[in-house]
Amino acid sequence: MTEFLQHIVNGVSVGTIYALIALGYTMVYGVLKLINFAHGDVYMVGAFCGFYLSNALGADKDPSLTKALVVFVLSMIICGVLGVVIERFAYRPLRQRQRLTALITAIGVSLLLEYGFQLPSIKALGFPFPPGPTPRFFPQPFTTIEFDLSGVHLSNYDVVSFLLAVGLMLMLQYIVYRTRFGTSMRAVSFDSQIAGLMGINVNRVISGTFFLGSSLAAAAAILYAGSRPKIDPLMGLMLGVKAFVAAVFGGIGNVPGAMVGGLALGLAEEFVSGYTVSSYRDGIAFALLIVVLLVRPAGLFGTFRPEKV
Amino acid sequence: MDTSTPSAGPLRTLGLAGRSVTPLAVTFVITLIAYTLLQRAHADYPSIVLTVAGINIIMAVSLNVVNGFTGQFSLGHAGFMAIGAYTAAKIMLGLHHSQIVGLSPFISDQIFFFFALVCGMVTAAVAGLLVGMPSLRLRGDYLAIVTLGFNEIIRVIIENTPFLGQATGLSGLPRITTLVWVYMGVVATVMAARRLAESTHGRALLAIREDEVAAEAMGVDTTGYKVRAFVIASAFAGLAGGLLVHQIQLCTPRSFTFIRSIEVVAMVVLGGMGSVTGSILAALILSVGVEILRSVQEFRMVVYSLLLIVLMLTRPAGIFGTRELWDLLPRPFGRRRASPAGGTP
């Protein structure tokens with residue numbers, strides 16, 4: 001029983017991270033119908049932003065809550081801006097073209113971030129940028145305290161990251177369903193041309209969507225790196241694919257679906273690696289994707305919209 | 001179609017067979033001469049570069065069937081290459097000490113190798129069927145993510161299977177891939193791709209690329225054709241895999257990573273999606289370019305990624321677009337015939 005509970009704790013802790021990243025995929029897919037391949041790499045950039053900012057603020061030697069908060073918020077903003085820049089220069093010029101062209105540039109941006117970050121560092125900068133291919137250790141924002149609830153191990157990181165993730169998701173839910181921006185976002189997602197005719201600034205809405213999604217990815221990266229401190233330029237590749245699977249599982253384009261999908265995927269991975277062979281862990285997401293595509297291609301909460309001419 | 005072919009039964013069959021056999025026979029003679037000359041001159045390096053370029057051509061042209069003709073997007077071509085490679089390698093290792101009765105060891109090895117390559121193609125095709133069936137029912141971008149995932153999963157499975165040598169891979173393979181084998185493979189792939197493009201099947205694929213909804217309305221079984229194109233492409237990727245591992249005499253999961261898939265995608269995009277000659281040219285340029293730029297290896301992927309972005313932003317059609325080389329030649333030399341892969345670039 002304790003083992004079962006422990007798996008649930010671990011699964012939820014990973015699942016919230018998947019959910020935060022999946023939200024970015026699902027929102028961008030909602031407004032642009034584009035799989036933003038670079039999203040997983042924005043997540044990676046978020047982790048490195050946190051790494052550089054903590055080193056610059058001295059949070060590695062003298063951790064404090066204020067510094068942790070500053071690092072968290074600044075990384076979110078930097079990544080949000082990065083998302084907007086990527087959209088502006090790589091996706092917007094191609095919006096009227098075939099969807100495949102935008103997909104290829106998305107892959108290009110993703111590779112550029114992954115392999116650009118693996119280049120040898122530039123000496124003149126004074127800090128190791130680009131970080132190079134060797135993994136680096138993310139400084140702990142605050143000291144770990146382990147709780148032991150009748151055999152179930154739980155750290156303060158798990159609690160904090162769970163609460164923060166849920167807080168961010170609630171905030172997003174509020175933005176999407178209760179604000180003016182959220183209304184226009186849903187309008188663009190429904191039909192961007194008509195939304196434009198109704199006086200919605202489609203470009204601004206798309207930029208805003210990229211900002212929201214990318215900053216959530218940065219938040220996920222810092223929450224993840226806080227407890228699993230090894231970060232490297234390729235960390236976003238597999239995680240990005242998994243988060244995308246979570247988004248498809250929940251129904252791509254659907255915000256609550258992405259959250260449920262992320263949690264479900266986290267739990268499924270944890271149970272499979274806990275009760276069977278742990279090296280199959282990376283296969284679960286793929287198997288799940290195949291099953292979803294076969295049985296219910298619109299996902300759990302998605303509605304299937306036939307393609308119109 | 002070809003008016004010069006006599007319409008009488010047996011003669012026509014003979015003519016059609018000739019059309020298939022002649023290019024292969026000509027290639028066989030030419031590459032055999034080139035191979036012997038290179039062997040005589042002890043020019044190992046050019047020979048290796050040419051072999052690798054040939055394998056890349058097979059990969060690029062076969063991926064073009066999916067990404068170019070059909071307008072889908074596969075990102076896991078190296079996964080199918082791995083399946084073909086491991087199948088062929090396992091068969092060659094299993095038959096290592098056997099020999100067909102009454103034949104010299106050399107000839108018997110060549111026959112075994114042919115058998116191994118065909119088996120590799122079959123297993124890769126079956127894998128293509130399994131991956132393609134669920135994902136090709138949906139729109140093209142799902143295929144991208146499924147094949148990317150598939151590529152990684154294949155690697156994970158190989159690294160955890162003792163039968164396949166795990167991360168160290170299978171070593172001690174015979175070095176049996178020669179220029180002759182590779183360029184016979186190239187000609188077979190190119191012929192298959194060109195004939196596919198000119199057939200009814202190919203026209204259905206092009207219709208799917210241009211407008212899937214309209215194609216479906218015209219009675220094209222879109223999913224069926226997409227899956228078949230994907231299976232054909234996977235089979236040739238398997239062939240390339242079998243050839244590659246018997247060139248480097250080592251079969252490791254490291255040879256079939258996501259990076260290799262991306263290299264092939266870059267070749268197809270650079271050459272022009274839908275242009276077989278474009279893919280050949282791009283594969284040659286990039287394979288030789290990598291050799292020239294060996295000193296700046298770490299920039300290779302950055303260059304590929306910039307190439308993809310800049311090409312899409314400035315010239316999304318690639319070098320040739322959907323046209324073939326002869327469509328661009330001046331009239332006296334060029335066959336001015338409406339190329340089926342053509343249309344508006």
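1. A word on terms to begin: helices and strands here are DSSP runs, with at least four residues for a helix (H or I) and at least two for a strand (E), numbered from the N terminus. On that basis, S121(A) sits in the loop between α4 (99-116) and β1 (136-137) of chain A. Keep in mind throughout that this is a predicted model.

2. Staying with that loop, is S121(A) buried or exposed? It comes out as exposed, because just 12 other C-beta atoms lie within 10 Å and a residue with 12 or fewer is called exposed. Beyond its neighbours within four places in sequence, S121(A) is in contact with P128(A), F129(A), P130(A) and G132(A). As for G132(A), its C-alpha atom is 6.4 Å from that of S121(A), with the two positions 11 residues apart along the chain.

3. Chain A overall: I'd start from its 11 helices and 4 strands. The C-alpha trace spans about 55 × 55 × 35 Å along its principal axes. The radius of gyration is 19 Å, which agrees with the value near 19 Å for a compact globule of 309 residues. Buried residues make up 48% of the 309. Of the contacts in chain A with a separation of 6 or more, 75% join residues 24 or more positions apart.

4. Helix α10 (residues 255-275) of chain A is worth a look. Its 21 residues reach 31 Å from the first C-alpha to the last, close to the 30 Å expected at 1.5 Å a residue. The buried residues in α10(A) include V255(A), M259(A), L263(A), G266(A) and E270(A), and E269(A) is also among them. What do the buried residues of α10(A) pack against? The partners are α1 (2-32), α5 (156-178), α9 (235-250) and α11 (281-295), which belong to chain A.

5. M76(A) makes a handy counterpart to the loop serine. This methionine lies in helix α3 (residues 65-91) of chain A and counts as buried, because it has 25 C-beta neighbours inside 10 Å and the cut-off for buried is 20 or more. Setting aside residues up to four places away in sequence, M76(A) touches S215(A), A218(A) and A219(A). A106(A), 30 residues apart from M76(A) along the chain, has its C-alpha atom 21 Å away.

6. On to the core. The largest nonpolar core has 200 residues, and A19(A), I21(A), A47(A) and A220(A) are those with the most contacts inside it. Its largest share comes from chain B, where helix α9 (residues 222-248) supplies 15 residues. Taking I21(A) as an example, its contacts beyond four places in sequence are H39(A), Y43(A), A217(A), A220(A), L239(A), G240(A) and A243(A).

7. The interface: 32 residues of chain B are in contact with 35 residues of chain A. On the chain B side, α4 (105-135), α5 (140-159), α10 (258-271) and α12 (300-314) each supply at least two residues. Which helix gives the most to that side? That would be α5(B), with 12 residues. By type, the chain B side divides into 23 nonpolar, 6 polar and 3 charged residues.

8. Finally, confidence. The model scores ipTM 0.83 and pTM 0.83. Chain B has a mean pLDDT of 84, with 93% of its residues at 70 or more. The stretch I'd flag is residues 338-345 of chain B, where pLDDT stays under 50 although the model has 23 contacts beyond four places in sequence for it. Where pLDDT is low, predicted coordinates should not be read in detail.

Methods
Residues are numbered from 1 along each chain as its sequence is written. Chains are lettered from A and ligands numbered from 1 in the order in which they are written. This is a predicted model: local features need pLDDT of at least 70, side-chain atom pairs count only at pLDDT 80 or more; totals for chains, interfaces and linings use all residues. Two residues are in contact if their C-beta atoms, placed from the backbone, lie within 7 Å. Ala, Val, Leu, Ile, Met, Phe, Trp, Tyr, Cys and Pro count as nonpolar, Asp, Glu, Lys and Arg as charged, and the others, Gly among them, as polar. pLDDT is the predictor's confidence in each residue, from 0 to 100. The expected span of a helix is 1.5 Å times one less than its number of residues. The radius of gyration is taken over C-alpha atoms; the globule rule is 2.2 Å times the number of residues to the power 0.38. A nonpolar core is a set of buried Ala, Val, Leu, Ile, Met, Phe, Trp, Tyr and Cys residues joined through C-beta atoms within 7 Å.
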